Amino acid sequence: MPKLVVLSEGLTGRAHELKAEKTTIGRVEDNTFQIPHPSVSSHHAEILLRGNEVLVRDLSSTNGSFIGDQPITEAVLKPSQVLRLGQVEIRLEADPSSTTKTKMVLDHTQIVPPGIKRDELDQTVRVPAKPSTGFEKKSNKGPIIFISAAVVVALLILLVLAKLLFFSSGGT
(Lines give C-alpha, C1' and ligand atoms only; values in the text may rest on other atoms or scores of the structure.)
Protein backbone atom coordinates (compact mmCIF):
# COMPACT_ATOMS: atom_id res chain seq x y z
CA MET A 1 0.00 0.00 0.00
CA PRO A 2 1.48 3.39 -0.97
CA LYS A 3 2.12 5.92 1.75
CA LEU A 4 2.98 9.59 2.12
CA VAL A 5 6.06 10.40 4.24
CA VAL A 6 6.75 13.97 5.40
CA LEU A 7 10.39 15.02 4.80
CA SER A 8 10.33 18.59 6.17
CA GLU A 9 12.22 19.45 9.34
CA GLY A 10 10.03 19.51 12.44
CA LEU A 11 7.49 17.17 10.86
CA THR A 12 9.87 14.36 9.87
CA GLY A 13 8.50 10.91 10.57
CA ARG A 14 4.85 11.75 9.97
CA ALA A 15 3.41 9.28 7.51
CA HIS A 16 0.02 8.22 6.19
CA GLU A 17 -0.87 5.03 4.34
CA LEU A 18 -3.18 5.62 1.40
CA LYS A 19 -5.85 3.06 2.30
CA ALA A 20 -8.94 4.95 1.16
CA GLU A 21 -9.88 5.99 -2.36
CA LYS A 22 -9.79 9.65 -1.23
CA THR A 23 -7.43 11.23 1.34
CA THR A 24 -7.66 14.89 2.29
CA ILE A 25 -4.56 16.77 3.48
CA GLY A 26 -4.56 20.02 5.41
CA ARG A 27 -3.72 21.92 8.57
CA VAL A 28 -7.00 21.33 10.48
CA GLU A 29 -8.11 18.18 12.30
CA ASP A 30 -10.99 17.19 9.99
CA ASN A 31 -8.51 16.15 7.25
CA THR A 32 -7.61 12.50 6.80
CA PHE A 33 -3.90 13.46 6.99
CA GLN A 34 -3.37 16.51 9.20
CA ILE A 35 -0.17 18.54 8.72
CA PRO A 36 -0.07 21.32 11.32
CA HIS A 37 2.19 23.78 9.51
CA PRO A 38 1.42 27.47 8.83
CA SER A 39 2.22 27.20 5.10
CA VAL A 40 -0.34 24.39 4.65
CA SER A 41 -3.93 25.53 4.04
CA SER A 42 -6.82 24.31 6.21
CA HIS A 43 -7.91 22.02 3.36
CA HIS A 44 -4.88 22.05 1.06
CA ALA A 45 -5.14 19.06 -1.27
CA GLU A 46 -6.69 15.67 -1.81
CA ILE A 47 -5.15 12.40 -2.93
CA LEU A 48 -7.23 10.10 -5.11
CA LEU A 49 -6.34 6.47 -5.83
CA ARG A 50 -7.21 5.68 -9.46
CA GLY A 51 -6.16 2.10 -10.17
CA ASN A 52 -2.35 2.08 -9.96
CA GLU A 53 -2.13 5.88 -10.12
CA VAL A 54 -2.01 8.36 -7.26
CA LEU A 55 -3.69 11.59 -8.32
CA VAL A 56 -3.06 14.84 -6.41
CA ARG A 57 -5.61 17.64 -6.61
CA ASP A 58 -4.95 21.09 -5.12
CA LEU A 59 -8.01 22.48 -3.31
CA SER A 60 -7.37 26.17 -4.17
CA SER A 61 -4.72 26.39 -1.45
CA THR A 62 -3.08 29.68 -0.53
CA ASN A 63 0.56 28.58 -0.99
CA GLY A 64 0.02 26.04 -3.76
CA SER A 65 0.91 22.43 -4.48
CA PHE A 66 4.01 21.42 -6.44
CA ILE A 67 5.57 18.27 -7.85
CA GLY A 68 9.22 19.09 -8.27
CA ASP A 69 9.29 22.79 -9.21
CA GLN A 70 6.06 22.59 -11.19
CA PRO A 71 2.91 24.08 -9.65
CA ILE A 72 -0.05 21.76 -10.07
CA THR A 73 -3.81 21.89 -9.81
CA GLU A 74 -4.11 18.19 -10.60
CA ALA A 75 -1.36 15.70 -11.46
CA VAL A 76 -0.25 12.10 -11.08
CA LEU A 77 2.29 11.57 -8.28
CA LYS A 78 4.72 8.73 -8.95
CA PRO A 79 6.63 6.69 -6.34
CA SER A 80 9.67 8.55 -4.95
CA GLN A 81 8.45 11.91 -6.28
CA VAL A 82 8.29 14.78 -3.81
CA LEU A 83 5.04 16.66 -3.39
CA ARG A 84 5.34 20.10 -1.80
CA LEU A 85 2.32 21.61 -0.06
CA GLY A 86 3.24 25.18 0.86
CA GLN A 87 6.70 24.63 2.40
CA VAL A 88 6.12 21.02 3.52
CA GLU A 89 7.75 18.30 1.42
CA ILE A 90 6.13 14.86 1.24
CA ARG A 91 7.45 11.81 -0.63
CA LEU A 92 5.23 9.11 -2.07
CA GLU A 93 6.61 5.71 -1.10
CA ALA A 94 5.43 2.70 -3.05
CA ASP A 95 4.21 -0.50 -1.52
CA PRO A 96 7.36 -2.52 -0.68
CA SER A 97 5.66 -5.69 -1.90
CA SER A 98 4.93 -4.22 -5.32
CA THR A 99 7.11 -5.29 -8.21
CA THR A 100 7.60 -1.79 -9.60
CA LYS A 101 11.11 -0.45 -9.45
CA THR A 102 11.37 2.73 -7.34
CA LYS A 103 14.01 5.41 -7.65
CA MET A 104 16.15 6.55 -4.76
CA VAL A 105 15.70 10.15 -3.60
CA LEU A 106 18.87 11.89 -2.52
CA ASP A 107 18.50 14.44 0.24
CA HIS A 108 22.20 15.37 0.32
CA THR A 109 25.32 15.38 -1.80
CA GLN A 110 26.09 12.24 -3.75
CA ILE A 111 29.64 11.05 -4.40
CA VAL A 112 29.94 10.40 -8.10
CA PRO A 113 32.74 8.12 -9.33
CA PRO A 114 35.12 9.60 -11.92
CA GLY A 115 33.99 9.15 -15.51
CA ILE A 116 30.26 9.23 -14.72
CA LYS A 117 28.35 12.00 -16.48
CA ARG A 118 25.48 13.88 -14.90
CA ASP A 119 22.93 12.51 -17.39
CA GLU A 120 24.03 8.93 -16.56
CA LEU A 121 22.79 9.30 -12.98
CA ASP A 122 19.29 8.05 -13.87
CA GLN A 123 18.90 6.23 -10.53
CA THR A 124 18.49 9.53 -8.71
CA VAL A 125 15.71 12.08 -8.45
CA ARG A 126 16.86 15.62 -7.88
CA VAL A 127 15.05 17.53 -5.15
CA PRO A 128 14.74 21.17 -6.23
CA ALA A 129 15.76 24.11 -4.05
CA LYS A 130 12.89 25.71 -2.18
CA PRO A 131 11.84 29.20 -3.28
CA SER A 132 11.57 31.87 -0.60
CA THR A 133 8.00 32.52 0.57
CA GLY A 134 8.46 34.24 3.94
CA PHE A 135 8.11 31.12 6.08
CA GLU A 136 11.84 30.77 6.64
CA LYS A 137 13.35 30.73 10.14
CA LYS A 138 13.76 34.24 11.46
CA SER A 139 16.83 35.71 13.18
CA ASN A 140 16.97 35.25 16.96
CA LYS A 141 18.93 38.45 17.78
CA GLY A 142 16.00 40.37 19.31
CA PRO A 143 16.28 38.93 22.86
CA ILE A 144 20.08 39.46 22.91
CA ILE A 145 19.73 43.14 21.97
CA PHE A 146 16.92 43.63 24.52
CA ILE A 147 18.93 42.03 27.35
CA SER A 148 22.05 44.06 26.46
CA ALA A 149 20.06 47.31 26.47
CA ALA A 150 18.43 46.39 29.81
CA VAL A 151 21.85 45.73 31.40
CA VAL A 152 23.24 49.07 30.16
CA VAL A 153 20.19 50.96 31.50
CA ALA A 154 20.43 49.15 34.85
CA LEU A 155 24.15 50.06 35.14
CA LEU A 156 23.38 53.72 34.37
CA ILE A 157 20.65 53.80 37.02
CA LEU A 158 23.03 52.26 39.58
CA LEU A 159 25.72 54.80 38.70
CA VAL A 160 23.31 57.73 39.11
CA LEU A 161 22.03 56.34 42.44
CA ALA A 162 25.58 55.82 43.70
CA LYS A 163 26.51 59.43 42.85
CA LEU A 164 23.35 60.75 44.53
CA LEU A 165 24.05 58.71 47.67
CA PHE A 166 27.70 59.80 47.69
CA PHE A 167 26.88 63.50 47.39
CA SER A 168 23.94 63.38 49.81
CA SER A 169 26.03 61.67 52.51
CA GLY A 170 28.54 64.49 52.41
CA GLY A 171 31.27 62.60 50.63
CA THR A 172 34.27 64.45 49.36
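These exercises walk through the strands and sheets of a predicted model.

**Exercise 1. Find the order and the edge strands of the five-stranded open sheet.**

Step 1. Lay out the strands. The order is S4-S3-S5-S6-S9, and the pairing is mixed.

Step 2. Look at the ends. Strand S4 (33-34) and strand S9 (74-77) each have a single partner strand, so one side of each is left without a neighbour in the sheet.

Step 3. Check the pairing at one end. Strand S6 (residues 53-58) runs antiparallel to S9, and four bridges join the pair. Val54 faces Leu77 of S9.

**Exercise 2. Find the order and the edge strands of the six-stranded open sheet.**

Step 1. Read off the order. It is S2-S1-S11-S10-S7-S8, with antiparallel pairing.

Step 2. Name the edges. Strand S2 (15-17) and strand S8 (70-72) each pair on one side only.

Step 3. Add the twist. From one strand to the next, it averages 25 degrees.

Step 4. Move to the S2 end. S1 and S2 pair in the antiparallel sense through three bridges. Leu4 stands opposite His16 in S2.

**Exercise 3. Describe the surroundings of strand S11 (residues 88-93).**

Step 1. Take one pairing. Strand S1 (residues 3-6) is antiparallel to S11, with four bridges between them. Val6 has Ile90 of S11 as its bridge partner.

Step 2. Take another pairing. Strand S10 (residues 82-85) also lies antiparallel to S11, over four bridges. Here Leu85 stands opposite Val88 of S11.

Step 3. Inspect the turn. The hairpin of S10 and S11 has two residues between the strands, and Gly86 takes a positive phi near 65 degrees there.

Step 4. Judge the burial. A residue counts as buried under 20% relative accessible area. Five of the six residues of S11 are buried, so the strand is largely enclosed by the rest of the structure.

**Exercise 4. Decide whether Asn31 is buried or exposed, and list its contacts.**

Step 1. Locate the residue. Asn31 sits in the loop between strand S3 (22-26) and S4.

Step 2. Apply the cut-off. Buried means under 20% relative accessible area. Asn31 has 6% relative accessibility, so it counts as buried.

Step 3. List the contacts. Leave out residues up to four places away in sequence; Asn31 then touches Thr24, Ile25, Gly26, Ser42 and His43.

Step 4. Put the pieces together. Asn31 is a loop residue, yet it is buried.

Technical notes. Residues numbered from 1 in each chain as written. Predicted model: local features only at pLDDT ≥ 70, side-chain atom pairs only at ≥ 80, totals over all residues. Heavy atoms only, no water. Pairing = 2+ DSSP bridges. Buried < 20%, exposed > 50% of the residue type's maximum accessible area, 1.4 Å probe, protein only. Axes fitted to C-alpha atoms, helices over the stretch in contact; angles between N-to-C directions. Contact = heavy atoms within 4.5 Å.
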